[in-house]
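Colleague: I should like to go through this model with you step by step. May I put my questions in turn?

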Amino acid sequence: MEAHASTGNTYHALSPARIWVLATSTLTQLVRMKVFYFLIIFIALLFGAGFLFISLSFEQELKLLKDIAFGAMSLFSLIFAIVGTAILIPKDVEDRTLYTILSKPVPRREYLAGKLLGVLLLVGISLLAMDVIFTAILYLRQNIILTNQLGILDAKEIATPENIENVTAIIKNQGVRWELQAAVFSIFLKAAVLASICMLLSTFATSTMFTIIVGFAIFFIGHGQSLAREYFLQGTFSSPVEKLITVFLAILFPDLQLFNLTDGVVSGEPVPIELLLKITAIAALYLVIYNVVAILIFSEKEL
Amino acid sequence: MTEAENPAISINGISKIFPLPFRKGKGLLAVDNVSIRLEPGEIYGLIGPNGSGKSTTMKILLGLVTPTHGTSTIFGKASHAVESKHEVGFLPENPYFYKHLTGAETLRFYGRLCGLSHTQIRERTEELLDLVELQGARDRRLGGYSKGMLQRIGLAQALIHRPKLLVLDEPTAGVDPVGSRQIRDLILKLSEEGITVFLCSHLLEQVQEICHRVGIIFRGKLVREGTLEELISVEDQTEIILRNASPHLLDQLRSLVASEQTETIRIGKPRTTLERLFLDHAASDRRQNEEKSLS
């Protein structure tokens, strides 16, 4: 009864209800920080991209609109994932809210899972909102361009069924397609991996700033990791030590380039469903690994 | 041992050494072999200066910090086990909670964490808002609450799941005298309902007013512990309290008390105050340190 060695080391089944309570509370906490004002910036960006660069060719115009939309989505989701996660635990410790929560029958792993789920809900909802706005603007712009191009064909008296079909196909290929949603989903997966890394960092970091800086550093390293791996493994310097370093880096830092579907989608390339399933599985694996380590550290943490 | 026979709190020889960074093998001894036992229904006050180990002891009791040595249980369940949290409610010092929630939402949030049903939460929220007299501010966000109101909603959240033990860290810190009195009355009321209370406070007068037993902790060590009667009695003195004593009698008091026609109200040990006792210990501790540093 009195065996006492460490805090939080008695294991129980997870309670999805409690995790959901913590997740929704975290979401509300983050939303009340007025984060959704970013949507105004996003709409302004898209309107600028969609209606100001009309001197470009219609293909370039639609590509630019998608490029800017995906760029903004990546940036906002990255900021939410890193900063949102980094501030949560230190704030709860500072306000002593963490003590009141953990002195209730709440296992520490549920607290962490709830906090992470809250951040993922925020990222997911904000990406969904941006996706809806983006799809609407792209659809609007696509129809305007199509009408204009068909008008031009008419004016030039070359509106043959073949030409109409050709122009329509090119515009639709650059317009609203399901692959756009796949690209948005890949942005979400990347943000989820980064959020789980930041959650892990914040279990032992001594300041919020440390977590944010290291989080952004991991973001950049994660994008260069695949290049470094190729360089070491396929280049002339593939000694055992270099290979070991590469393997270590691959485990320590996620390969974020894997989640980069946006470049291909902007160019109108298809997204095989197998690829989508593969990156989902990889993201899930990263999430599980980082969360298990975070729980192990947090379970032993002195509060 | 049945659950009914288990002590509310059993802290057995706990010590806590915090490692110091870059000083291998050395550490800061925050709690030194402390043992405390509370029976159900008691109000126990742990007093000591800042940095004496009160909060660390409390955190060990709540399973937030791991002791280096010793064990701690709540109603027979290990403090670090999640099961023990069903029995305990905790109010930390100067809590802030989530400012975006209203008073009622805060209670709902903690109620849901405790796994209460919607009906239980609704009933308990009403009862507790009545108890802490915050019905009028139930829909106001905590960001707009005064310090006293925050302490009272903190007390309400600690009670949401009907715990048998209440752990309070400086429950009246920063609260004005009226608010402080309200919290004191609430603690007494809860004790009458059978709830065991373990509190840390700097307000010695309050501790003296409400606690059945008191422990004094200095530099991590529990230097004195006992009932108020035991602690504040001065053993080498005798006090005689007289009624209707004439000036003449007072003049002859030293020699004639027992032989005069005077009603003796009480003959016993005169009392010092808990504050005096605390300050004496602080002074003695300071003297010992000065002597140590001189030698």
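Colleague: In which sense do strand β1 and β4 of chain B pair, and over how many bridges?

Modeller: Please bear in mind that this is a predicted model. In chain B, β1 covers residues 9–19, and B:Asn12 has B:Thr71 of β4(B) as its bridge partner. The pairing of β1(B) with β4(B) is antiparallel, over 5 bridges.

Colleague: Which strands of chain B stand at the edges of the open sheet, each with a single partner strand?

Modeller: The open sheet has 4 strands in the order β2-β1-β4-β5, with antiparallel pairing. An edge strand has a single partner, so one side of it is left without a neighbour in the sheet. In chain B these strands are β2 (27–38) and β5 (77–78).

Colleague: Which residue of β7(B) stands opposite B:Leu91?

Modeller: β6(B) pairs with β7(B), residues 165–169, in the parallel sense over 4 bridges. Both faces of β6(B) are covered, with B:Val88 and B:Phe90 buried on one side and B:Gly89 and B:Leu91 buried on the other. Opposite B:Leu91 in β7(B) stands B:Leu168.

Colleague: Which element of chain B gives the most to the side that touches chain A?

Modeller: The contact involves 32 residues of chain B and 30 residues of chain A. On the chain B side, β4 (69–74), β6 (88–91) and α2 (103–113) each supply at least two residues. The element that gives the most, with 4 residues, is α2(B).

Colleague: How many nonpolar, polar and charged residues does that side of chain B have?

Modeller: The side in question is the one that touches chain A, and its residues are sorted by class. The counts are 18 nonpolar, 11 polar and 3 charged residues.

Colleague: Which helix of chain A gives the most to the largest nonpolar core?

Modeller: This core has 152 residues, and A:Ala81 and B:Val167 are among those that touch the most other members. Leaving aside residues up to four places away in sequence, A:Ala81 touches several residues, including A:Val123, A:Ala191 and A:Leu194. The helix that gives the most to the core, with 18 residues, is α7(A), residues 178–202.

Colleague: Is A:Ser267 buried or exposed?

Modeller: A:Ser267 lies in the loop between α10 (262–266) and α11 (273–300) of chain A. A residue counts as exposed if 12 or fewer other C-beta atoms lie within 10 Å of its own. A:Ser267 has 12 such atoms, and is therefore exposed.

Methods
Residues are numbered from 1 along each chain as its sequence is written. Chains are lettered from A and ligands numbered from 1 in the order in which they are written. This is a predicted model: local features need pLDDT of at least 70, side-chain atom pairs count only at pLDDT 80 or more; totals for chains, interfaces and linings use all residues. Two residues are in contact if their C-beta atoms, placed from the backbone, lie within 7 Å. Ala, Val, Leu, Ile, Met, Phe, Trp, Tyr, Cys and Pro count as nonpolar, Asp, Glu, Lys and Arg as charged, and the others, Gly among them, as polar. Two strands pair if DSSP finds at least two bridges between them. A residue is buried if 20 or more other C-beta atoms lie within 10 Å of its own, exposed if 12 or fewer, and partly exposed in between; C-beta atoms are placed from the backbone. A nonpolar core is a set of buried Ala, Val, Leu, Ile, Met, Phe, Trp, Tyr and Cys residues joined through C-beta atoms within 7 Å.
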